[in-house]
Structure formats: structure tokens, C-alpha cells
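Student: I should like to learn how to read some local features of a protein model. Would you please guide me through them?

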Amino acid sequence: MANIGFFKKATHFGIGTQIINIHEGNGSLAAPAGTLQSVLKPIPGASHARDRKKHPPDSACLPGTREGVIQDIICWAEKNTFLNKESHVMWLYGYVGCGKSSIAQAIAVEWSRRQALVASFFFFRGAGDRSRIGRFAATIASQLTCNMPSTAPFVKDALNKHPDILTSYPLSLQLEYLVYEPFKLATKAGGFGVFLIRGPSLIVIDGLDECEDRDEVTSCITHMLTFFKANPRIPLRILITSRVEEHIRVHLESPQVTLVNLADTASLRDITYVMEMAFKEAVRCSRVIQAYGEQWPTPEDLLRLVEHTGGSFIFMATILKFVLKNEQDSSSPIERLPLALNIDPGLDGLYAHTLSLSEQYPHFSEIISTIALIKRPLSIRGLAELLEIPNFQVVQVLINLQAIIQVPGDDHTEVVLCHSSLGDFLNTESRSGRFYAHPTHHSRIVEGC
């Protein structure tokens, strides 16, 4: 090997196509050759700009809904950190289906439009890397360098100083070296003028409860709050949404965090508005409903339907799909509406009712259990090959379940659950009963592999 002293203080010289950076005194090699994005390897489909049909949750606020809570978040996020002592972190929490992801999506889109979004990340249970913490910091750093190019040199410098940061460092240090410090240094170098006029930048983290690595999540929260305590004037805010789970609540119920409980917002009014608009559009487009000759639905039925949702937006969306978009069902929307009113309130009743529509078909249990148990979603062809059955038998089972499962129009796109709560339902025997995805089915999956 050549005497490294010969190259002392030399940086960024080429040997063939490889770029080498040797630091004085330790002779350590730089981060792997290639572009910054190829080194960071961000998770595709994790941000607000993802294709939501392929990468759920497929959530978005309809115009005119959730205006109050969205405005509260905007007021908090745009307040100047130099002049206000508002917290840097907001925790938006609530029960399953109350609209957390839709609101996170709306805020991320708005801050992106303002060119003030640092990054957004939507966790989703059972979606491979998006349900784990391993590539979270690298993905946030990747978006940071794209949205704030002035941070790129500082991220590169961190990768050079810590060449194994992406493989052996804990999440807290990955975030500090690749996200917080580069943002802080770039902000300081560029001056604070733009932030005085525009307001702080924002990171949106949705569905933190969907991350399987609980210890790393608590470490991330603790380190985040410690960083902001040491840097109270940094023009950066973080919006976190999740269900109330103990490992998150214990650390986010802090004087440093602004708490917003979605259960306190007037969601029934928004649900009424959305349902009215959906039914009006259905009447306008359907000759069958127009020929019915009476007001549909009646004000009484609409009120019963709204109350039946229990304030759950995901339940509302699934009911609307069941009534209005169940194209494989030979019954009409007018006939399906009373059925929707008779479904047991809550998602479990809706899931059980919808699954029952296909349980008579061959291989139903195998197909549903496989979807519930595998860590990475498969396409229709992938499920068929794994279970050694024809493609059409997979389609036959899934086609009636489009209210709760995103069934693609081809054999190559992944089949995904509309909401992670369906996965919880299928994996909890006391809730799902005969639809339970029994762990013994893992052996069938292994045999197929």
C-alpha cells in the first residue's frame, strides 16, 4: 500500500472513477463513491408526494373539511421562533380513522407549496422499510438536501466524518449528524432573514405508532426534545401524528410539546359534509338512482349514517365505498344503504361484513392470511405463485374486498391494505374470529417461498 503520508491533506482527487477523501491524521476513507442520493438510499414512497394508491395511507382532506384544526396547526407552525416561545414540536393524536394522516398530508402539501417543507415521512405498518426505523434518518436527510440544497455540503461532510453512520450509529445520532446539524449550519450560514419573513421550516412525521421499533422511537423523541432545548431559536418545527400508545405518550406529554387531541374537534360536521357531497355526486352520475324517483338518501338516513360512523373518517370512507363503489355487487346503491346501516358500528364489524362477501371462494383463508402475515406486500401474481394457485382465483377473492383492500388493476402492482387497522384486526383472534390469520399459516408461506 502506498505511504499515506504522500497524500497528506489531499482531498477529492481521482483514482480511475473512485473519489477518495483522506483526512489529515487518521487516514479514514470518505463515504462511498457516488451521488449523495445513492449513498443515502432514501425509501421510495415515504413522503407526502408518493403515489397514495400504491403507498398507503391513501388519505387527503376534502375541500371544506378539518379547516379548524388545520388552521390551528398552521398558526403554530408559522410563528417565528425568534420572537415566540412556542414549542418546536406538535403531537396530533387520536383514535383509528379520525383523520390524522389526511391532516398530515394537507399540512405537508401546504408547506411544500410555501417551499418551507424540510421533509415528510408517512409510516405504515406492514410496508417493509416504512414500518421500521432503519432508513428513516437517511430518508429525511435525502429530502432535506433536495428541499434545502444549502444543507448538502454539511450532510456530505457528516458522511465523510462518520463513514459508518448509516450502518452502525443509533437513530438519535443519525438524525443529529445528518438532519439537525446540517439544517442548523446551513441556516446560520445563509442568515435568518428568510425565516424572519417566511417563518420556520417544517418536518412532518405521520403514523409514528406504526413504526415497529419502539425503543428507537422513544430514543428519537428524547433526542429531538433535547436538541430543541439546546437550540430554542432554530427555525424548525416538527409535526408528529399517531395513535395514543404508551411508549409515545410518556415522552411527548411534555411542556416542550404542543398537544392536539383530534377527538376534541367537530368531526361529525365534516363527515356530514363529505357524505352529502359524495351522495350528490352519485345521484348526478347514476341513472339508476335518478330513476328511483325519491330523495336519496333521506335526511333521516343520512343522519343515521353519519352517527353510525362514530366520528371515524376511515369508517366513513369505507362505508361510502361499500354503498357507492361496490361495482362487483349486483345490488344497487339504494339496496346497499340499509345494509350499511345494519353493519355493527366500528371498523371490526365493517371488516367482518366485507370479508364475508368473499369467504365462499376457494383459497379465501390462504389468500387473506398471507396478505395479513407477510412483511412486504405482493402483487396478485406474487400471491398466486406463492400459494401455487391460478391468478384468477386470487382476483376472485379480492374483487369484492375493494372497500378495505387496495386491489390493483393489473397483476404486477402490490396488493395493500387500505388501513393498517385491518392488519391488526386479522392478527387478533378475539376480534376477527373465523377470519383470524393464524400464525401456523407462516409454515405455508415458507413452503411457498
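The dialogue below treats peptide bonds, backbone angles and burial in turn.

Tutor: Please note that this is a predicted model, in which local features need pLDDT of at least 70, side-chain atom pairs count only at pLDDT 80 or more, and totals for chains, interfaces and linings use all residues. Residues are numbered from 1 along each chain as its sequence is written, and side-chain values use heavy atoms, with hydrogens and water left out.

Student: Which peptide bond is cis?

Tutor: The bond from Trp 296 to Pro 297 is cis, with omega near -15°. Helices are DSSP runs of H or I with at least four residues, numbered from the N terminus. Pro 297 sits in the loop between helix 12 (287-291) and helix 13 (299-308).

Student: Where is His 363 found, and is it buried or exposed?

Tutor: Buried means under 20% relative accessible area, exposed over 50%, and partly exposed in between, with a 1.4 Å probe and protein chains only. His 363 belongs to the loop between helix 16 (347-356) and helix 17 (364-373). This residue is partly exposed, at 29% relative accessible area. Its phi is positive, about 65°, although it is not a glycine.

Student: What is the phi of Glu 388?

Tutor: Phi of Glu 388 is near 55°, a positive value in a residue other than glycine. Glu 388 lies in the loop between helix 18 (380-387) and helix 19 (391-398), and is exposed, with a relative accessible area of 66%.

Student: Why is helix 17 described as largely enclosed?

Tutor: Helix 17 is largely enclosed by the rest of the structure because 8 of its 10 residues are buried. Among them are Phe 364, Ile 367 and Leu 373.

Methods: Helix = DSSP H or I, 4+ residues; strand = E, 2+ residues; numbered from the N terminus.
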